[in-house]
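Colleague: Thanks for sitting down with me over this one. Could you show me the model, and then we can go through it together?

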Number of protein chains: 2
Amino acid sequence: MNNNDKKPFPPEENSRRMELVRVAARLFRDQGYERTTVRDLGQAVGLQSGSLFYHFRTKEEILVAVMALGITSTTDQLQQALALARSPREKLAALFHVHLTSLLGDNQAALEVMLYEWRSVSEEARPGLIVLRDRYEALWQEVLDEAAAAGLVKPDTRLLRRTLLGSLHWSVQWYRRDGALTVDQLADRMLELILLTP
Amino acid sequence: MNNNDKKPFPPEENSRRMELVRVAARLFRDQGYERTTVRDLGQAVGLQSGSLFYHFRTKEEILVAVMALGITSTTDQLQQALALARSPREKLAALFHVHLTSLLGDNQAALEVMLYEWRSVSEEARPGLIVLRDRYEALWQEVLDEAAAAGLVKPDTRLLRRTLLGSLHWSVQWYRRDGALTVDQLADRMLELILLTP
DNA sequence: GTCTATAGGGCGATAGAC
DNA sequence: GTCTATCGCCCTATAGAC
């Protein structure tokens with residue numbers, strides 16, 4: 001099976017392809033997409049650079065796969081957490097905890113690549129990723145609207161969504177895992193900053 | 001005069017060099033530093049690519065000059081605005097207005113490059129830029145501490161500084177100049193989101 | 001200060017053997 | 001599915017003329 005008959009964002013069931021995507025996520029995050037060569041990537045997974053092009057048509061296709069993984073797996077985690085939450089307040093907390101865990105936790109470099117490598121995505125590939133991003137942000141919007149209706153946060157929820165996501169995204173620039181705060185503590189304190197009722 | 005006898009971050013008095021930096025800022029912001037070639041830059045200023053290296057030793061030196069310009073000019077503007085402000089509340093507003101004007105206004109691509117191209121800066125060049133960034137953030141910290149003492153914002157000012165700067169930085173990803181909000185209106189509404197007393 | 005010309009190397013991607 | 005070998009291109013930076 002070659003990749004020509006794949007849908008744009010398959011569930012990455014194929015484990016070899018999935019492994020490549022995970023390794024690429026780390027390299028792209030650490031060095032940037034443009035600075036990471038296909039030779040770097042091949043070496044990191046124990047392949048010659050040419051062999052990568054059996055699994056992906058282009059280097060950009062790898063980037064798109066990384067970004068799609070980052071946003072879909074975070075969306076999945078958020079959906080699971082929201083299903084367990086039993087109040088607007090708990091749902092609100094889930095937004096912060098899932099996002100920061102995905103961004104700062106030990107498993108995921110992919111979400112960070114999603115946030116910081118948009119400029120390297122071609123016009124053709126953008127729409128598909130935007131759909132995935134919008135789906136994630138729609139979950140945020142729902143929860144924030146519910147929280148505002150319950151008097152937990154200020155009512156300007158569209159701007160609130162954008163500012164909060166900006167705050168969380170930026171945490172990768174300064175958060176240190178060996179610092180004073182755990183990821184969960186950070187999530188709690190960031191939530192506290194925007195709550196109207198302590 | 002060659003560039004070998006220049007200080008690390010001169011006031012960019014030389015107007016030819018300054019022009020190069022301004023044009024580079026726009027290209028680096030729009031295409032990214034790595035994707036922008038010295039040929040692109042030469043063409044944009046009407047020079048052959050080789051001629052650029054009379055003004056700068058390396059391409060990276062251009063990036064560093066852009067980033068230094070972005071942060072120092074924003075710091076200057078903030079200092080001027082703070083000198084005119086006559087209350088903690090006015091100072092707080094100045095933080096938002098200056099930052100967003102610098103980031104989203106018509107004159108500055110340099111600050112955006114400062115925020116998003118750190119990965120391309122060599123280890124040797126980073127410390128100098130970090131000093132400039134810390135100077136800017138120290139101004140923020142002072143004003144936020146004063147605002148917290150006056151009961152305007154929550155008291156966790158170190159985290160508040162980081163989350164607010166993240167919120168503002170992220171605005172470049174979604175703000176549209178032809179949209180419903182002017183930059184000043186946006187600054188007011190973002191400020192409103194974190195004020196304890198309306 | 002800017003030009004022409006090019007050195008010297010790295011890049012993404014392909015072809016064909018196994 | 002992976003390897004070896006390599007194509008053709010583009011990159012930053014330099015040398016020397018003007």
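Colleague: Let me start with a single side chain: is A:R16 buried, exposed or partly exposed?

Modeller: First, a word on the source: this is a predicted model, where local features need pLDDT of at least 70, side-chain atom pairs count only at pLDDT 80 or more, and totals for chains, interfaces and linings use all residues. Residues are numbered from 1 along each chain as its sequence is written, chains are lettered from A and ligands numbered from 1 in the order in which they are written, and side-chain values use heavy atoms, with hydrogens and water left out. Buried means under 20% relative accessible area, exposed over 50%, and partly exposed in between (1.4 Å probe, protein chains only). With a relative accessibility of 29%, A:R16 is partly exposed.

Colleague: Which side chain makes a polar contact with the side chain of A:R16?

Modeller: A:R16 sits in helix α1 (residues 15-31) of chain A; helices (H or I, at least four residues) and strands (E, at least two) are DSSP runs, numbered from the N terminus. Leaving aside neighbours within four places in sequence, A:R16 is in contact (heavy atoms within 4.5 Å) with A:V45, A:L47 and A:H55. A polar contact is a pair of N or O atoms within 3.5 Å; within protein, one must be able to donate a hydrogen and the other to accept it, and residues adjacent in sequence count only if both atoms are side-chain atoms. At 2.7 Å, the side-chain partner of A:R16 is A:E19.

Colleague: How many salt bridges does the structure hold over all chains?

Modeller: The term stands for a side-chain nitrogen of Lys or Arg within 4 Å of a carboxyl oxygen of Asp or Glu. One of them pairs A:R133 with A:D134, with the closest N and O atoms 3.4 Å apart. Over all chains, the number of salt bridges is 22.

Colleague: Which residue of chain A forms a salt bridge with B:R119?

Modeller: This pair crosses between chains, and each partner lies in the loop between α6 (110-116) and α7 (126-149) of its own chain. B:R119 is partly exposed at 33% relative accessible area, while its partner is buried at 6%. The closest N and O atoms are 2.7 Å apart, and the partner is A:E117.

Colleague: How many residues apart in sequence are the parts that A:E137 and A:R161 tie together?

Modeller: The two side chains meet in a salt bridge at 3.6 Å, N to O, and both A:E137 and A:R161 are buried. A:E137 belongs to helix α7 of chain A and A:R161 to helix α8 (residues 157-174), so the pair links parts whose separation in sequence is 24 residues.

Colleague: Now the DNA: which elements give two or more residues to the surface near DNA strand C?

Modeller: A residue is near a strand if one of its heavy atoms lies within 4 Å of it, and 14 residues surround DNA strand C. Phosphate oxygens of the strand are 2.9 Å from a polar backbone atom of A:V38 and 2.8 Å from one of B:Q48. A polar side-chain atom of B:S51 also lies 3.0 Å from a phosphate oxygen. The elements asked for are α2 (38-45) of chain A and α3 (52-55) of chain B.

Colleague: What percentage of the atoms of DNA strand C within 4 Å of the protein belong to sugar or phosphate?

Modeller: Among the closest residues to the strand are A:T37, A:K59 and B:H55. The rest of the strand's atoms within 4 Å of the protein belong to bases, and the share for sugar or phosphate is 64%.
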